[in-house]
Amino acid sequence: MELLKNRILTDGRALNEQVLLVDSFLNHQVDPELMEQVGEEFAARFADAKIDRVVTIESSGIAPALMTALKLHVPMVIMKKQPSRILKEDTLQTEVFSFTKNAPFQLTVKAKFLPKGQRVLIIDDFLANGEAASGAIRLIEKAGGVVAGVGAVIAKVFQPGMANLKCAGYRVEVLAPVRRLDKDQIEFLEEKA
Ligand code: 5GP
């Protein structure tokens with residue numbers, strides 16, 4: 001998605017070989033018009049996948065996931081990172097290791113928002129080691145749903161998440177695949193037309 005890649009080159013910043021900051025348009029300050037285009041692109045790529053609902057992980061995935069759900073005309077479910085005091089009954093939980101916090105957290109969702117047999121699309125801002133997406137997959141499958149795909153706005157393809165998910169048989173769509181990062185340098189993977 002050229003518009004997104006250009007925005008990453010203009011407004012994103014590679015901190016080092018591992019971390020890309022996109023907080024001026026994607027996950028802190030959010031550009032709604034760009035998010036609408038992101039939603040349209042995911043909706044087009046998964047148009048044949050018969051998606052019943054979109055699932056994301058709070059909080060950075062919410063903007064792209066909501067726009068995708070809007071374009072696909074399906075509900076969007078937010079998996080929580082902390083068990084809440086009021087969210088006790090009927091919850092599913094799994095431990096996930098956070099890339100940004102470098103610590104584990106309990107990914108939590110109410111089972112009733114993942115009805116059995118539904119085809120679910122996971123949308124997140126980044127795919128790095130694939131811990132967050134794998135946690136979401138565990139919960140969806142535990143609830144009896146089918147993971148119809150994983151969409152990442154950005155994937156750092158030099159980290160193992162994307163390859164592992166594909167290897168496990170999941171359909172993965174990435175709008176901006178990053179091949180290499182270094183301080184103030186960002187290189188995208190060349191995509192076949
Ligand atoms: P994973 O679970 O695939 O290792 O990491 C994905 C999660 O970590 C995403 O939900 C995202 O919030 C965060 N993340 C991973 N890599 C980056 C990065 O380079 N920059 C930012 N801002 N967040 C990242």
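This is a short tour of the structure, from the whole chain down to a few spots to select. Keep in mind that the model is predicted.

**The whole chain**

Start with everything shown as a cartoon: you should find 5 helices and 10 strands. Turn the C-alpha trace along its principal axes and it spans about 45 × 35 × 35 Å. The radius of gyration is 16 Å, which agrees with the value near 16 Å for a compact globule of 193 residues. Of those 193 residues, 47% count as buried. If you draw contacts with a separation of 6 or more, 62% of them come from residues 24 or more positions apart.

Now switch on the surface. The protein exposes about 10000 Å², and carbon and sulfur atoms supply 51% of that. Colour by charge next: there are 25 positive and 25 negative charges, and their mean positions are 6 Å apart.

**Helix 3**

Select residues 62–72, which make up helix 3. Show side chains for Pro64, Ala65, Met67, Thr68, Ala69 and Leu72, which are buried. What covers them? Bring up helix 2 (32–45), strand 3 (53–57), strand 4 (76–79), strand 7 (119–127) and strand 8 (146–156), which are among the elements covering the buried residues of helix 3. Then step just past the end of the helix to histidine 73, which takes a positive phi of about 60°.

**A glutamine in a loop**

From strand 8, follow the chain towards helix 5 (161–167) and stop at glutamine 159, in the loop between the two. Is glutamine 159 buried or exposed? Its relative accessibility is 6%, under the 20% cut-off, so glutamine 159 counts as buried. Select Gln18, Phe99, Ala128 and Asn129 to see what glutamine 159 touches, leaving aside residues up to four places away in sequence.

**The hairpin of strands 9 and 10**

Last stop: select residues 172–182 for strand 9, which pairs with strand 10 in the antiparallel sense over 4 bridges. The two strands form a hairpin with 2 residues between them. Click on aspartate 184 in the turn, and you'll find a positive phi of about 65°.

Now pick strand 10 by itself, residues 185–188, and look at its two faces. Ile186 and Phe188 sit on the covered face, while Gln185 and Glu187 are on the uncovered one. To tie the covered face back to the pairing, add leucine 181: its bridge partner in strand 10 is isoleucine 186.

Conventions: Residues numbered from 1 in each chain as written. Predicted model: local features only at pLDDT ≥ 70, side-chain atom pairs only at ≥ 80, totals over all residues. Heavy atoms only, no water. Buried < 20%, exposed > 50% of the residue type's maximum accessible area, 1.4 Å probe, protein only. Pairing = 2+ DSSP bridges. Rg over C-alpha atoms; globule rule 2.2 N^0.38 Å. Contact = heavy atoms within 4.5 Å. Areas by Shrake-Rupley, 256 points an atom, 1.4 Å probe, with all protein chains shown as cover. Lys, Arg positive; Asp, Glu negative; His and termini not counted. Charge placed at Lys NZ, Arg CZ, Asp CG, Glu CD.
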